[in-house]
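Q: Could you walk me through this one before I go back to the bench? I'd like to start with how exposure is being judged.

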Amino acid sequence: SLQEIAIGMNMITTLCKHQQFRRTLAEYRGNLYRIAYSWCHNPALADDLVQETLAKALKNSGQLRDPKTTKAWLYRILSNCWRDHLRRSKDTVDVDNVILIEKDTPDSNHDRQQIVDRVRNAIACLPMGQRQVITLVDLEGCSYIEVAQIIDVPIGTVMSRLSRARKALKERLLEAEVQGGGNSNVHRLRTAQ
């Protein structure tokens with residue numbers, strides 16, 4: 001009957017949309033992990049946050065009205081998952097005890113890894129609000145409006161946090177350069193900005 005065919009076609013269409021949505025989520029997995037890791041500096045926790053984000057996105061896929069906003073929508077879910085984790089967690093991680101490990105780093109990348117470590121350490125010292133904004137804007141390329149929506153603050157707050165974060169980051173990196181005897185690697189990073 002025509003009704004059965006229509007029902008079958010609707011089921012096929014829904015299935016195709018669901019499979020496409022799953023592929024889209026898989027494409028954002030790496031970005032979500034990078035952001036989560038930059039916020040928590042714990043690989044296992046970052047993976048858990050990403051899993052929770054993806055599960056909530058799948059469960060609430062009907063809430064996404066415009067596919068063009070998928071990235072911001074996912075980042076907002078991640079931000080909410082992170083906020084929920086912080087509420088549940090009473091213990092904090094001492095930044096001085098965080099060990100950043102890069103497996104199989106060739107000797108030729110040693111200088112670059114030192115710069116990356118200094119930048120990561122400097123970002124890790126920022127207050128959480130500044131850390132969130134700088135990672136979303138400068139590392140992930142989100143617009144100020146997207147960041148305001150993701151972390152649920154006014155756009156002016158995003159702009160002021162970003163300004164303070166960049167200033168503090170610059171000061172920490174310059175301070176590290178002075179303490180390190182004027183290492184030219186940090187100078188290259190500064191001039192590349």
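A: Buried means under 20% relative accessible area and exposed means over 50%, with partly exposed in between. Please keep in mind that this is a predicted model.

Q: OK, so is isoleucine 155 buried, partly exposed or exposed?
A: Isoleucine 155 has a relative accessible area of 38%, and because that value lies between the two cut-offs, the residue counts as partly exposed.

Q: And which helix is isoleucine 155 found in?
A: Isoleucine 155 belongs to helix α7, which covers residues 155-179.

Q: Which residues make the nonpolar surface patch there?
A: Ile155 makes the patch together with Ile145 and Met159, and the patch has an area of about 280 Å².

Q: Switching topic: how many disulfides are there?
A: A search of the whole structure finds zero disulfides.

Q: What about the cysteines, say 81 and 142, buried or exposed?
A: Cysteine 81 has 0% relative accessibility and is therefore buried, and cysteine 142, with a relative accessible area of 5%, is buried as well.

Q: Stepping back, how many helices and strands does the protein have?
A: The protein has eight helices and zero strands, so reading from the N terminus the elements run α-α-α-α-α-α-α-α.

Q: How much of the protein is buried, and what area does it expose?
A: Of the 193 residues in the protein, 33% are buried, while the protein exposes about 12300 Å², of which carbon and sulfur atoms supply 53%.

Q: Last one: what share of the contacts is between residues 24 or more positions apart?
A: Counting contacts with a separation of 6 or more, residues 24 or more positions apart account for 64% of them.

Methods
Residues numbered from 1 in each chain as written. Predicted model: local features only at pLDDT ≥ 70, side-chain atom pairs only at ≥ 80, totals over all residues. Heavy atoms only, no water. Patch = residues over 30% accessible without salt bridge, like charges linked within 9 Å, V, L, I, M, F, W, Y side chains within 5 Å. Areas by Shrake-Rupley, 256 points an atom, 1.4 Å probe, with all protein chains shown as cover. Salt bridge = Lys/Arg side-chain N within 4 Å of Asp/Glu carboxyl O. Helix = DSSP H or I, 4+ residues; strand = E, 2+ residues; numbered from the N terminus. Buried < 20%, exposed > 50% of the residue type's maximum accessible area, 1.4 Å probe, protein only. Disulfide = S-S within 2.5 Å. Contact = heavy atoms within 4.5 Å.
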